[in-house]
Amino acid sequence: FMCDFLKVLFSIIKVDCVTSVSYRYIEDIDWTLASEKNNIPYIVFYRECLLNEGERIYSDVVDRHKLFNFHGSHIIVHNETCKKSFIESSFFNENKISVIGALRMDKYLTSLKRNYKHVEKRRKRFILFYFPYNMSLFGKSGNYPSDYKYKYAFSIWPEREKYFEEVHSAIAELAIEFPNIDFVIKPKNIMMKSPAWKYYERVLDKMDFNVDKYDNYSIEPNSDVHDLILNSDVICSLQSSTVIESAISGKPVILPIFENYRSSENYKDFFWKKHIELFNIPNNKKHFKELIIDLISHPNVSESILNKRKKIFKFFFNDLEGVSLDKYVNVITNVVESNKCQNRSSFK
């Protein structure tokens, strides 16, 4: 059905290729299979590229690739490590994987190149890129194969709820103590629909902290990530690319990895553990609060630290100039033209 339907649809709207951001989106599979059968190339702009080679998450991703058969024409990834994960799993032909970077970074990098100046006279601002207490970083439930070498990942860190409460109660307390500083919580929309969000609400309820009563505390799921970074003074993030996105802005970045978490086995999965010297690390709730206020007052990052941060960013996003768009266009154009040439040859 999809083959017949798309043959008509694509002839009307003149489609040259079909794109998606993951081969695992079940709802896309019929569309992409039918497109390829109609000689319309399917290109993946792969989004899940934050990988460290040699660690559990990388190994799990390689194993996951092995479970799927790719039926497209090309894959675009952000970095060489992600490309290697596809090659190592025999997922796809190396010649049909391009390392380009991330489209969403172009505007941001261009702003930084232009020495973006934040709005003058704005209030001091702290932002937390929200993470749920039950994320797999703190362990996960389920069974694992007997030969699985990362068994610690299936042991849930017993202090995760207490830790989460300390992080958020610290921020709420500061909002009360410092009404002249804005405190922003930035979750993804989908996070606010999960059961874990209820626990965040319970943490605030336990403190008798009503978000609506404090003008300097806000939850902003729809705000632009890069606008928030550019217009904040101190950023806090955990297991996310927002860590290095914030880092290259030249602003203080807090990684809230308290001592009790750093001493747990689950810390082995912490993505930025090899680079913590480039960030601000609190030991506990009290230190976290002190660090936020101190950095708000003295938001200085040395040039040497900033340069090291930029190297990490380039490693993961392959670009510091904000020029990935033209490279994406070139790859898409080449794939489409190559496909047309093959079709003409086949027709002859």
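Q: Which residues of strand 3 point one way, which point the other way, and are they buried or exposed?
A: In this predicted model, strand 3 covers residues 74-77, and its side chains are divided between two directions. His74 and Ile76 point one way, whereas Ile75 and Val77 point the other way. Buried here means under 20% relative accessible area, and the word that applies to all of these residues is buried.

Q: Which residue in strand 3 is the bridge partner of Val44?
A: Strand 2, residues 42-45, pairs with strand 3 in the parallel sense, and three bridges join the two strands. Among the residues in these paired strands, Val44 has as its bridge partner in strand 3 the residue Ile75.

Q: Through which helix does the chain cross from strand 2 to strand 3, and what is the handedness of this crossover?
A: After strand 2 the chain passes through helix 3, residues 56-65, before it reaches strand 3. This path forms a β-α-β crossover, and its handedness is right-handed.

Q: Which residue in strand 4 stands opposite Ile75?
A: Strand 3 also pairs with strand 4, residues 97-99, over three bridges in the parallel sense. Within strand 4, the residue that stands opposite Ile75 is Ile97.

Q: Through which helix does the chain cross from strand 3 to strand 4?
A: The connection between these strands is a β-α-β crossover, and it is right-handed. The helix on this path covers residues 80-88 and is helix 4.

Q: What separates the C-alpha atoms of Ile305 and Leu51?
A: Ile305 lies in helix 12, residues 303-317. Along the chain, Ile305 and Leu51 are 254 residues apart, and their C-alpha atoms are separated by 22 Å.

Key. Residues numbered from 1 in each chain as written. Predicted model: local features only at pLDDT ≥ 70, side-chain atom pairs only at ≥ 80, totals over all residues. Heavy atoms only, no water. Buried < 20%, exposed > 50% of the residue type's maximum accessible area, 1.4 Å probe, protein only. Helix = DSSP H or I, 4+ residues; strand = E, 2+ residues; numbered from the N terminus. Pairing = 2+ DSSP bridges. Right-handed = clockwise from strand over helix to strand, strands pointing away.
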